[in-house]
Amino acid sequence: MSSIVRGVRAAVVASAISLAAAFACLPLAAADATREPVLPQSGRYEVPDSWRQPIAPVRIADHTWYIGTENLSAVLVTTPQGAVLIDGGMPQAADMLLQRMRDVGIAPGDLRWILVSHAHADHAGPVAKVKRATGARIAANAESAAMLARGGTDDIHFGDDITFPPAQADRLLQDDEVVQVGGIALTGHVTPGHTPGSTSWTWTDTKDGKPVRIAYADSLSAPGYKLIGNPRMPRIVEMYEATFAKVRALPCDLLLTPHPDASGWTPADAANPHPSPKTCAAYADEMEAKFDAELAKQRAAK
């Protein structure tokens with residue numbers, strides 16, 4: 001899972017897979033009679049209302065739309081030759097995503113590719129259903145493809161606690177490989193740490209007549225992770241250190257993240273959806289400081 005999260009595994013076990021407790025640091029959506037109803041809980045584990053609160057699509061650039069919920073990103077990149085979806089939120093968001101695509105003029109059959117940041121239930125949850133409904137192909141690196149195929153089971157940090165409907169990748173990506181639709185090329189940068197297959201995506205769009213380099217940087221948090229002597233990820237610290245450096249160097253005029261608040265977005269505020277923008281460098285610096293503090297804490301406890 002992503003954003004600023006602590007003590008996940010202990011919380012999950014203690015509360016019978018209650019992600020609402022595990023991720024209590026994220027804000028819940030306020031009641032608003034003008035909003036659409038909150039999507040239901042999955043029935044397996046609970047998450048905050050803001051993760052399930054539908055909002056109207058937000059146009060980020062000429063061909064880039066935010067179509068996720070209040071605090072889980074789903075990004076749609078459109079071209080006359082078809083569209084690309086990056087992430088989708090929770091499994092129960094699939095029908096909402098299909099409707100949001102229609103809202104911005106994309107029929108289900110126009111979706112060409114589905115990409116992911118990382119294969120956790122709150123980002124890759126609806127991928128399988130959206131693939132079936134649209135015929136789109138999934139592109140992911142080998143690590144993420146394996147996690148997608150397992151539906152999140154045997155997660156290095158969470159075991160079988162946060163599963164989702166499995167999906168089969170159609171194309172296995174190398175680091176810095178490009179997925180292109182129409183005139184837009186999306187580059188996948190492998191940024192492991194949060195998961196072994198974590199991927200950040202960059203592309204160039206236009207806005208106000210000027211090119212804008214967009215970076216969808218993956219989560220950089222380590223929620224409850226064992227950072228010292230982790231038998232499943234023995235080089236986890238080195239992975240994170242390399243990833244912080246890589247995210248700093250991304251082409252990044254405009255930063256998006258799997259949880260929008262991590263990059264300064266409030267997409268539910270149509271009048272001012274980006275009130276506190278961050279750069280990729282600032283995002284990496286902030287998350288590295290938190291990582292270093294947790295690492296020091298774990299080392300002191302040894």
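These questions and answers walk through a predicted model of one protein chain.

Student: How many helices and strands does the protein chain have?
Tutor: The model is predicted, and its chain holds 302 residues. Buried residues make up 56% of them. The secondary structure comes to eight helices and twelve strands.

Student: What share of the contacts between residues at least 6 apart in sequence joins residues at least 24 apart?
Tutor: Take the contacts in the protein chain between residues at least 6 apart. Those that join residues at least 24 apart come to 63%.

Student: How much of the area the protein chain exposes do carbon and sulfur atoms supply?
Tutor: The chain exposes about 12,000 Å². Of that area, carbon and sulfur atoms supply 54%.

Student: Which strands are the edge strands of the open sheet of seven?
Tutor: The order is S1-S2-S3-S4-S5-S6-S7, with mixed pairing. From one strand to the next, the twist averages 25°. An edge strand here pairs on one side only, and that describes strand S1 (58–61) and strand S7 (171–173).

Student: Which residue is the bridge partner of Tyr66 in S3?
Tutor: Strand S2 covers residues 64–66, and strand S3 covers residues 75–79. They pair in the antiparallel sense over three bridges. In S3, Tyr66 has as its bridge partner Val75.

Student: At what angle does helix H6 run to S6?
Tutor: Helix H6 spans residues 142–150. It lies across strand S6 (137–141) and S7. Its angle to S6 is about 125°.

Student: Which helix gives the most to the largest nonpolar core?
Tutor: That core has 38 residues, and Leu76, Leu85, Met101 and Leu111 touch the most other members. Elements giving two or more residues include strand S4 (82–86), strand S5 (111–115), helix H4 (121–124) and helix H5 (127–134). Five residues come from the element that gives the most, H3.

Student: Which residues of H3 are buried?
Tutor: Helix H3 runs over 94–103. Its buried residues pack against S3, S4, S5 and H5. They are Ala94, Met96, Leu97, Leu98, Arg100 and Met101.

Student: Which residue with a positive phi follows H3?
Tutor: Look just past the helix. The phi there is positive, near 90°. The residue is Gly105.

Student: Which residues does Leu85 touch, not counting those up to four places away in sequence?
Tutor: Nonpolar side chains tend to be buried together in soluble globular proteins. Leu85 is among the core residues that touch the most other members. Its contacts are Ile67, Ala74, Val75, Leu76, Leu97, Met101, Leu111, Trp113, Ile114, Leu115 and Val130.

Student: How many residues are in the second, separate core?
Tutor: This core includes Ala61, Tyr66, Val84 and Leu115. Its size is 25 residues.

Student: Which residue in the turn between S10 and S11 has a positive phi?
Tutor: S10 and strand S11 (residues 210–216) pair in the antiparallel sense over seven bridges. Asp205 and Val212 are bridge partners, and Trp201 stands opposite Tyr216. The hairpin has two residues between its strands. With a phi of about 55°, the turn residue is Asp208.

Student: Which residue in S10 stands opposite His189?
Tutor: Strand S9 (residues 184–190) pairs with strand S10 (residues 199–207). The sense is antiparallel, over four bridges. Opposite His189 stands Ser200.

Student: Do S11 and S12 run parallel or antiparallel?
Tutor: Three bridges join S11 to S12. Ala215 stands opposite Leu255 in S12. The two strands run parallel.

Student: Which cysteines does the disulfide join?
Tutor: The count comes to one disulfide. Its S to S distance is 2.2 Å, within the 2.5 Å cut-off. One partner sits in the loop between helix H7 (236–248) and strand S12 (254–256), the other in helix H8 (residues 280–300), 28 residues apart. The pair is Cys252 and Cys280.

Student: Is the disulfide of Cys252 and Cys280 right-handed or left-handed?
Tutor: The torsion about the S-S bond is about 85°. The disulfide is therefore right-handed.

Student: Are Cys252 and Cys280 buried or exposed?
Tutor: Buried means under 20% relative accessible area. Cys252 has 16%, so Cys252 passes that limit. Cys280 stands at 2% relative accessibility. Cys252 is buried, and Cys280 also counts as buried.

How values were computed:
Residues numbered from 1 in each chain as written. Predicted model: local features only at pLDDT ≥ 70, side-chain atom pairs only at ≥ 80, totals over all residues. Heavy atoms only, no water. Pairing = 2+ DSSP bridges. Axes fitted to C-alpha atoms, helices over the stretch in contact; angles between N-to-C directions. Contact = heavy atoms within 4.5 Å. Core = buried A, V, L, I, M, F, W, Y, C linked by side-chain atoms within 4.5 Å. Buried < 20%, exposed > 50% of the residue type's maximum accessible area, 1.4 Å probe, protein only. Areas by Shrake-Rupley, 256 points an atom, 1.4 Å probe, with all protein chains shown as cover.
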